[in-house]
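Biologist: Let's walk through this structure together. I will ask, and you reason it out.

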Amino acid sequence: MKHFKDNITSSELAERALFHLKYSRGKDLSAATPFDKMSCFSHAVRDMAVDGFIATQKQYLEQDVRRVNYLSMEYLIGKMLENNMYALGIVDKSFEALKSLGISVEEVLKHDVEAGLGNGGLGRLAACYLDSLATKELPAFGYGIRYEHGIFKQEFDHGWQRERPDEWLALGYPWEIIRPEYTLPVCVYGRVKKNFTPGRGASDVWEDWQMFEAVPYDVPIIGYGVNTVNMLRLWKSQPAEGFRLDVFNQGDYVRAVEEKNWAENVTKVLYPSDYTYAGKELRLIQEYFLASCSVRDIIRRYRKNHSDFKRFAEKNVIQLNDTHPTLAVVELMRVLHDEERIPWDKAWDITVNTFCYTNHTLLAEALEKWTVDLMQRVLPRHTQIIFEINHRFLQQVELDYPGDGELMHKVSLIEEGTHKQVRMANLCVVASSKVNGVSALHSELLRKNTMPEFDKIYPGKFCNVTNGITHRRWLLKANPELSALITDKIGDDWKKDLSLLEKFQAFAQDKKVQKRFMEIKKEKKKALCKTIRETTGVLVSPDSIFDVQIKRLHMYKRQLLDAMHIIYLYQQIKANPKIKMQPRTFIFAAKAAPAYLTAKSVIKLINSMAAVINNDVDVAGRLKVVFLPDYNVSLAEKIIPAADISEQISTAGLEASGTGNMKLSLNGALTVGTWDGANIEIAQHVGEENIFIFGHRTEELAELRLKGYNPWSYVEKSAGLKAVIEAIRDNVFDPSQPDLFKDLYKDITEHGDYYFYLADFEPYVQCQEKVSKLYAKESAWAEMAILNVSRMGWFSSDRSIQDYCDEIWHLERTPIGTD
């Protein structure tokens, strides 16, 4: 099929860039700043995407296709310019166009804007899925929030994390298209009263609400090598009445903009701190904001082809990416029942057949709950609807399982107690036609341990779709040298179908391929050395093992266990400065939630260790510790191709899946991991002999906990472990503050070591000794790394999306023509 980008030439691209420089930026090349150059060229590339976008939306409308609407609080889409060049197949033409204009490619790509729309794996997964949906030519819309400041920009101050605003929108964002004509009202607060209508009886009416508005911004999502261009619609909050001139003229300048400030706060930052009541209220409003305007936008689009709601569920799937968008369920019920006057049972049938839910966690703390008092204050009518859903649901449970009060207590949408709470995960399960976990183990534990009562009530509702990653960003873009090596050996069909990557394993023992593979790894490590030096001032050797742990900082992910291993190695050197040790560079990158003080202490500990170890003459370069600040997609694209070791060491049974493990393995890093999340499936695909698995398994930890886990018993058996935890307790890295890490010490000792650091310490150390021995054998290491790369095809997000289509969404491929 002919593609809309086939006829573009490098000179035409250059002309488009100059056009936008003049008419969008109001400059010529002599006056253009680096940002101007990036912006005008981005607009030139975006023009091509718009051609496809218009054709795609037109065909979807004309064919009245079934669509998936993906609702997520996060989208870590990364920088878009180079990624879009790859998708459009115009990388060479783009570089030629920039060269003809005398513009540095590196300068343009450096100034591309990284959207501040997410924090961790949840957002990156959503971005990968949008990419795959477009590439597989599937009708899809993403819905999210246009955060003004994202999560935060991370800096270190004397080793402590400090949060600064992420001003990613300060100079504008070239990939977005504002759609003010689709602005929607959003209402909160108010009260509910009974309204009596002749012939209809009593109905509940929501009134006296406070209204603000949602303005949509569209970001095109370009399919790789196809004409499909889907859409990510991001909502920005604004006041319904922005400026009170009458109040201003009376001299009350603060109150004149009070409503404006309140409304704009809703989309200021991702996940406002919920340590205060005001923070909780703002976060709830933020979640409802996404749910309300997305549901109304879906309905608006549906109405273009339909005059009633009989086929709404047939034409729409709404996929909830975790519990944050759960209120979309209640909002759809409110619109159908209150506004469209559809009887409750019919409205509920439409709702259940529309929604699907992806669960991302087994941690009780992450299964969202909102107090009924807060919900009633912010959303009084929605609270009524939730209670009605619960009432009808529990009536059915009582009919099906008479007298089982314990079952009803566990599955109720309302958690009883001093302060009643709405269980959002329970609401998701009750209101969805399908519920999926994100790895085989996670889905099994979700069904058997976390929600066995729901699995009993709804047999067949739970299923699994293991997460995936888009190789187009994480291999083609992030590691073009390795991509070229693969293409040279097996052709380029693998770029569209990652399962074909398995052909590359035939070269795992080829000495020339091994040599080139290790040369590429060395080149990537040298590039990362430069980044580390520029960012932190630390000099590291590319000949050392690059031991990498990059992910959101949480105690269950166990960055502290990695730090404990470093302390162990350092103490070995101090005890015997002449000891032979394989040089290692430990590379961390992670953000801790602003209110997560324990996680912040781990960051401080690692930075304190780095300050001492990196400058200790006894160490003599055998150990280096680096904590790179402000982890984001762009930094990940530099670290991942350079990594030798991928640390995936979460407490078994607590990591839902992970996707960093997939990206790192795809780039030839060997996994050191627990039998947890997608590590299990990686081991099954690459072979257990090609991965380093250690530690207690989920069932073993459950048995330990049942018998009464005693962390001190492990300390008593290990002098090395005892010395490590005492070093943390006494803060040997900064004796002037001896009590600084006492709370960390207590967490892993006196407070019960909830995440089993001490139980897994010795197995972890022994596993790392095997890693060091293998690294000394370059050919064996290269062979294992190549086998990891070649056997990662199953972990493509294209496969994940196909699983969603087959098991849950039932979408039809819709190729886009060019006429």
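Biologist: Which element gives the largest share of the lining of the largest cavity?

Modeller: Keep in mind that this is a predicted model. Three elements give two or more residues to this lining: α3 (81–88), α6 (121–135) and β9 (210–222). The largest share is four residues, and it comes from α6.

Biologist: How much space lies in that largest cavity?

Modeller: The structure holds four cavities of 30 Å³ or more. Among the residues lining the largest cavity are Met80, Asn84, Arg124, Asp131 and Ile222. The space in the largest cavity is about 140 Å³.

Biologist: How many residues of that lining are nonpolar, polar and charged?

Modeller: The lining includes Ile77 and Leu130, as well as Asn83, Thr470 and Arg473. Ile and Leu count as nonpolar, Arg as charged, and Asn and Thr as polar. The full lining divides into three charged, three polar and six nonpolar.

Biologist: Now the second largest cavity. Which element gives the largest share of its lining?

Modeller: About 90 Å³ of space lies in this cavity. Two elements give two or more residues to its lining: β1 (67–71) and α10. The largest share is three residues, and it comes from α10.

Biologist: How many charged residues does the lining of the second largest cavity have?

Modeller: Asp64, Arg67, Arg301 and Lys315 are among the lining residues. Asp, Arg and Lys count as charged. By class, the lining has three nonpolar residues, four polar ones, and the charged ones number four.

Biologist: Let's turn to the core. Which helix gives the most to the largest nonpolar core?

Modeller: This core has 285 residues. Tyr173, Leu560, Met564, Leu758 and Trp809 touch the most other members. The helix that gives the most spans residues 277–302 and adds eleven residues: α10.

Biologist: Which residues does Leu560 touch, leaving out those up to four places away in sequence?

Modeller: Leu560 is one of the core residues that touch the most other members. Touching here needs heavy atoms within 4.5 Å. The partners of Leu560 are Met555, Val602, Leu605, Ile728, Leu744, Ile748 and Tyr757.

Biologist: Val602 and Leu605 fall in helix α24 (residues 597–613). Is α24 largely enclosed or largely open, and why?

Modeller: Helix α24 has 17 residues. Buried means under 20% relative accessible area. In α24, 13 of the 17 residues are buried, so the helix is largely enclosed.

Biologist: How far does α24 reach from its first C-alpha to its last?

Modeller: At 1.5 Å a residue, the expected span is 24 Å. The helix comes close to that. Its reach is 24 Å.

Methods:
Residues are numbered from 1 along each chain as its sequence is written. This is a predicted model: local features need pLDDT of at least 70, side-chain atom pairs count only at pLDDT 80 or more; totals for chains, interfaces and linings use all residues. Side-chain values use heavy atoms; hydrogens and water are left out. A nonpolar core is a set of buried Ala, Val, Leu, Ile, Met, Phe, Trp, Tyr and Cys residues joined through side-chain atoms within 4.5 Å. Buried means under 20% relative accessible area, exposed over 50%, partly exposed in between (1.4 Å probe, protein chains only). The expected span of a helix is 1.5 Å times one less than its number of residues. On a 1 Å grid over the protein atoms alone, a cavity is a set of points where a 1.4 Å probe fits but cannot get out, and a pocket is an open set with protein on both sides within 12 Å along at least five of seven lines; lining residues have an atom within 4 Å of a point. Grid points are joined across faces, edges and corners, and a volume is the space filled by probe spheres set on the points.
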